[in-house]
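Please look over the sequence and the model below before reading on. The briefing then takes up a few features one by one.

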Amino acid sequence: MRVMVLVKATKESEAGEMPNQELLSEMGKFNEELVKAGVMLAGEGLHPSSKGARVEFSGAQRSVTDGPFAETKELVAGFWLWQVRSMDEAIEWAKRCPNPMEGGGVLEIRPVFEAEDFGDEFTPELREQEQRLRAEIADREQ
Amino acid sequence: MWRIEAPRLIAGLAGFVRDVGLAEDLAQDALVSALEQWPDEGVPSNPGAWLMAVGKRRAIDRLRRGKVLERKQEELGRDLEMRQQEGGSELDAALDDGIEDDLLRLVFTTCHPMLSTEARVALTLRMLGGLTTGEIARAFLVSESTVAQRIVRAKRTLAEADVPFEVPGNEELPERLSSVLEVIYLVFNEGYAATAGDDWMRPALCEEALRLGRVLAELAPQESEVHGLVALMEIQASRSRARVGPSGEPVLLLDQDRARWDWLLIGRGLAALERAEALGGAVGPYALQAAIAACHARARTAAETDWARIAALYGALARLSPSPVVELNRAVAVGMASGPAAGLELVDRLTSEPALAAYHLLPSVRGDLLEKLGRLDEARAEYERAMSLTQNEAQRRLLTERVAACAAG
């Protein structure tokens, strides 16, 4: 399964304060561990909401509001996309993350919808063809 | 917790005792201690280091008890002495580096060619994936005792043959690496072949294989075929949502809704392929197959597919490992790139190929090319021949439609 891990914003992150050198290097190490474990799929930090914008929908209407936005604790300062086996594994990894904010950070873990990835399936032609091909390649390699 | 720590723990202990089977037992022992002690004493700040320390203490106890392992004790003594000479934080760093090497050694050991394919798969998923015997059994549709037996036998085989716990030297490396890649790809394909009624552990094998591949790419970043395999798996996995229709029918690659492809995985796959290419060209079988898959992934619509490049890649694949099936694929690509007459010319060379005599795709490809050339009677005969060679209901239905179209045509 995949989870999105949201790093919640704080007053400081919304003010555009950059993390200190120590946190950056600890975060770098943590990310490296995620990569080495095959967990990390993607991850980015986000600028404060003052640089963002919202498009709001009301029926056929669209209205644009520029940031910053007020409800700091609901805002997102960064995210990861992780490949994990379970929510438990995701929580365990999240606990190993260095505190992402100098004050008090919050990570929110949300499982990604996996649409019926694997429906009932016959063997499509190309698939079978590919498998044969692979089998032959494997034979030859042995 | 176990799944995060198991591979590193087993690898580290195997590096210590030079015996993979023993290392796994020790890791289990350490876990049992953790389950007993942590609820009372609290989870240590570094659970991995705690488990490793307990595992090593157990290892020393066991080795002291067993006279059989004198030689190992000697090795162990040397090892301890050496490590004692190293200092505080340097030691930590050394151990950390050591773990990476031990993990790589562990992969090569669990995928040792002397083991049967089933044993390699079971051992790898158990030790590097941290899967339980039950999970492996469910994934491969066999009984738990079968898997347990495979693992026990595999460990015994490795111990009896005294297989060294090491990364193979240059001479042996290509063959040993291809054994590792084969195991990972086999796990992936097993998951890819899963059907809806299956236990969820089966499709999860795709994710396990991808994770193993990504881990291996970090452990052996200089091996182009590792990145080639990762690229191939990422791109194939990117299509999993699109390759099955709403009522469970298969959707062929060219008919798939590309908006349903997973573009994150495609991006990762293309990046992995670039790494493979940067390491001396995409010249291995996995990198070549990945490059073919990438041609499809790069085309925004089926009509934009770069068939000339695909044909050239199949040509390279055919030179690497000549096979009539690869040749047939090449003919399809040539037919798309240079017109049906050119494709037919290649297919006609294959009609006397004994390996393809009972292969339904040969007449179905030939029929398709003939139909495009307007030779409908011949095309219909080929489709009918293909129908007589396939047991697959969906394919028969498809072929029936094409026979009818030719007859009407």
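In this predicted model, A:Asp88 and A:Lys95 are exposed on one side of helix 3 of chain A, whereas A:Glu89, A:Ala90 and A:Trp93, which belong to the same helix (residues 87-95), are buried. The buried residues of helix 3 of chain A fall within an arc of 100 degrees when seen down its axis, so they line one face of the helix.

**Around helix 3 of chain A**
- An α-helix has 3.6 residues a turn, so residues three or four places apart point the same way.
- The cover over the buried residues of helix 3 includes, from chain A, strand 1 (2-8), helix 2 (21-36), strand 5 (76-83) and strand 6 (107-111), together with helix 1 (2-17) of chain B.

**Chain A as a whole**
- Chain A holds four helices and six strands, and from the N terminus on its elements follow the order β-α-α-β-β-β-β-α-β-α.
- Of the 142 residues of chain A, 22% count as buried.
- Among contacts in chain A with a separation of 6 or more, 74% join residues 24 or more positions apart.

**A helix pair in chain B**
- Helix 9 (residues 173-192) and helix 10 (residues 201-219) of chain B pack with their axes 6 Å apart and at an angle of about 155 degrees, which means that the two are roughly antiparallel, a term used for angles over 145 degrees.
- The crossing of helix 9 of chain B with helix 10 of chain B is left-handed, and their contact has ten nonpolar, two polar and three charged residues.
- Residues that meet in this contact include B:Ile184, B:Val187 and B:Phe188 from helix 9 and B:Leu205, B:Ala209 and B:Leu212 from helix 10.

Notes. Residues are numbered from 1 along each chain as its sequence is written. Chains are lettered from A and ligands numbered from 1 in the order in which they are written. This is a predicted model: local features need pLDDT of at least 70, side-chain atom pairs count only at pLDDT 80 or more; totals for chains, interfaces and linings use all residues. Axes are lines fitted to C-alpha atoms, for helices over the stretch in contact, and angles run from 0 to 180 degrees between N-to-C directions. Angles under 35 degrees count as roughly parallel, over 145 as roughly antiparallel, 65 to 115 as roughly perpendicular and the rest as oblique. A crossing is left-handed if the near helix is turned anticlockwise from the far one by less than a right angle, and right-handed if clockwise. Two residues are in contact if their C-beta atoms, placed from the backbone, lie within 7 Å. Ala, Val, Leu, Ile, Met, Phe, Trp, Tyr, Cys and Pro count as nonpolar, Asp, Glu, Lys and Arg as charged, and the others, Gly among them, as polar. A residue is buried if 20 or more other C-beta atoms lie within 10 Å of its own, exposed if 12 or fewer, and partly exposed in between; C-beta atoms are placed from the backbone. The arc is that of the directions from the helix axis to the C-beta atoms.
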